[in-house]
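Visitor: I am new to this structure. Could you show me how to read it, one feature at a time?

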Amino acid sequence: MSDFFSGFWSIYIAVISLGGIAWCIYLLFSQRAWLKKDVEIVENTGHVWDGDLTELNNPVPRWWTVMYLGLCIVALGYLVLYPGLGSYEGQLGFTAGKQLQQQQQAFNERIKPVYERFQAMPIPDIAADQEAREIGQRLFLNNCAQCHGSDAKGGRTFPNLTDTDWLWGGEPEQIMQTITKGRHGMMPPWKAAIKPAQASDIAQYVRSLSGLAHDPLRIVPGKRGFDTFCVACHGAEGKGNTALGAPNLSDDIWLYGSSAATIIETILEGRDNRMPGQEHILTPEQIRLLTAWVWGQSN
Ligand code: HEC
Ligand code: HEC
């Protein structure tokens, strides 16, 4: 597999690598005076410095030439075995990716015994176990904190994992599914169907669902719009749907914000949010411990 988008660069690199070695060999050949056995001709260049320092033209030492030749041969051998000539993969089939995978596998084998104790334990028991909690926290800090925060309380567009409000459900199986496969929270944009004025009415109604200040005169048209366009995902009372990742709109927890302007933006432009799946990064045992740790934050 090549990372180059054009075959030209592969050839370019191969030519430079081989050309460099060929040039070295040519240089050594051009300085081959030492091959002439026993003849130690020392030419005098005729340059004289400071009256009595004469400049000689000694041939390159033999050991130096042999060492250099040896290096050229090692380089050629390396280029045959390992990738170094553009897209040529090398006889050994070595790739940095494969090496990383092998190291990861070896590492996972090594840490297996640590996780064995938790294999058959139910999630709530793991969540209560001191050692498991420490491992879970370390895993979280290394793999999740960059998005969800080191206290797991999230931020704008990143859900808080320590409360009891869940986009995708807070049962252990649901959390495990979220971590393993990832989630794609998608709300389609409505600007083709909904005019800004109507979106503004709906936003007032949405704010009323969670008891926020709103314009009472716009609740009736707002509710009409909500019932037409929004209930399919957010439910008749705006309580959300964990099968679709549609948030509960009737609580005071907001992924994007509760201002009328933000809600209007959500309605017109839609939202697209991804939680990356971890199954290629973490082992099932690690995901189990993380699940328990996350579950334990709110239980
Ligand atoms: C690149 C950023 C990113 C990383 C890294 C990340 N997450 Fe997430 N996570 C998100 C986003 C964004 C969402 C919300 C998805 C949505 O809007 O539907 C999410 C959602 C979740 C949810 C569902 C919350 C709910 O309310 O249902 C859980 C649980 C979760 N993440 C746990 C984790 C764990 C555990 C890790 C570490 C292994 C992790 N996440 C790593 C971005 C991330
Ligand atoms: C196809 C399903 C679907 C429909 C229909 C839909 N939504 Fe959503 N909505 C979602 C999803 C999924 C999210 C979460 C997006 C994310 O995870 O980033 C969301 C997010 C939101 C948010 C952000 C909530 C927060 O916590 O910040 C608001 C507000 C919202 N929707 C209002 C509406 C309104 C009003 C309508 C009707 C005009 C509507 N939605 C129609 C699926 C839907």
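Guide: We will go through the metal sites, the ligand surroundings and one helix. Keep in mind that this is a predicted model.

Visitor: Let's begin with a metal. Which protein donors hold the iron atom of ligand 1?

Guide: To read a metal site, look for N, O and S atoms within 2.8 Å of the metal. For the iron atom of ligand 1, the protein donors are the NE2 atom of His148 and the SD atom of Met275. They lie 2.0 Å from the iron.

Visitor: What is the arrangement of the site?

Guide: Angles tell you. Six donors count as octahedral if opposite donors are over 155 degrees apart and all others between 65 and 115. Around the iron atom of ligand 1, the 6 donor atoms give angles of 89 to 180°, and the site is octahedral.

Visitor: Where in the chain do the two residues sit?

Guide: His148 is in helix 6, residues 145–148, and Met275 is in strand 4, residues 271–276. They are 127 residues apart, so the pair links distant parts of the chain.

Visitor: Is His148 buried or exposed?

Guide: Check the relative accessible area; under 20% is buried. His148 has 9%, so it counts as buried. Met275 has 24%, so it counts as partly exposed.

Visitor: How many residues surround ligand 1?

Guide: Ligand 1 has 23 residues around it. The closest are Cys144, Cys147, His148, Trp168 and Met275. Strand 4 gives the most to this shell, with 4 residues. Helix 6, helix 7 and helix 12 are among the elements that each supply at least two.

Visitor: Which polar atoms come close to ligand 1?

Guide: Look for pairs of N or O atoms within 3.5 Å. An N or O atom in the His148 side chain is 2.8 Å from a nitrogen atom of ligand 1. For the side chain of Trp168, the partner is an oxygen atom of the ligand, at 2.7 Å. The side chain of Asn273 has an N or O atom 3.0 Å from an oxygen atom of ligand 1.

Visitor: Now ligand 2. What are the protein donors of its iron atom?

Guide: Met187 donates through SD and His234 through NE2, and they lie 2.0 Å from the iron. The 6 donor atoms subtend angles of 87 to 179°, so the arrangement is octahedral. Met187 is in strand 3 and His234 in helix 10, so the pair ties together parts 47 residues apart in sequence. His234 is buried, at 9% relative accessible area.

Visitor: Which residues are closest to ligand 2?

Guide: Met187, Cys230, Cys233, His234 and Tyr256 are the closest of the 26 residues that surround ligand 2. A polar side-chain atom of Tyr256 is 2.3 Å from an oxygen atom of the ligand. Leu255 uses a backbone N or O atom, 2.7 Å from an oxygen atom of ligand 2.

Visitor: Last, the helix. Which residues of helix 1 are buried?

Guide: Start with a general point. An α-helix has 3.6 residues a turn, so residues three or four places apart point the same way. In helix 1, the buried residues are Ser10, Ala14, Ile21 and Leu28. They pack against helix 2, residues 62–81.

Visitor: What span does helix 1 reach?

Guide: Helix 1 runs over residues 7–30, 24 residues in total. From first C-alpha to last, helix 1 reaches 34 Å, close to the 34 Å expected. Ser30 also belongs to helix 1. A polar atom of the Ser30 side chain lies 2.7 Å from the backbone oxygen of Leu27.

Definitions and conventions. Residues numbered from 1 in each chain as written. Chains lettered and ligands numbered in written order. Predicted model: local features only at pLDDT ≥ 70, side-chain atom pairs only at ≥ 80, totals over all residues. Heavy atoms only, no water. Donors = N, O, S within 2.8 Å, 3.2 Å for Na, K, Ca; no water. Tetrahedral: all angles 85-135°; square planar, octahedral: opposite > 155°, others 65-115°. Buried < 20%, exposed > 50% of the residue type's maximum accessible area, 1.4 Å probe, protein only. Expected span 1.5 Å × (residues − 1). Contact = heavy atoms within 4.5 Å. Polar contact = N/O pair within 3.5 Å; in protein donor to acceptor, adjacent residues only side chain to side chain. Near = heavy atom within 4 Å.
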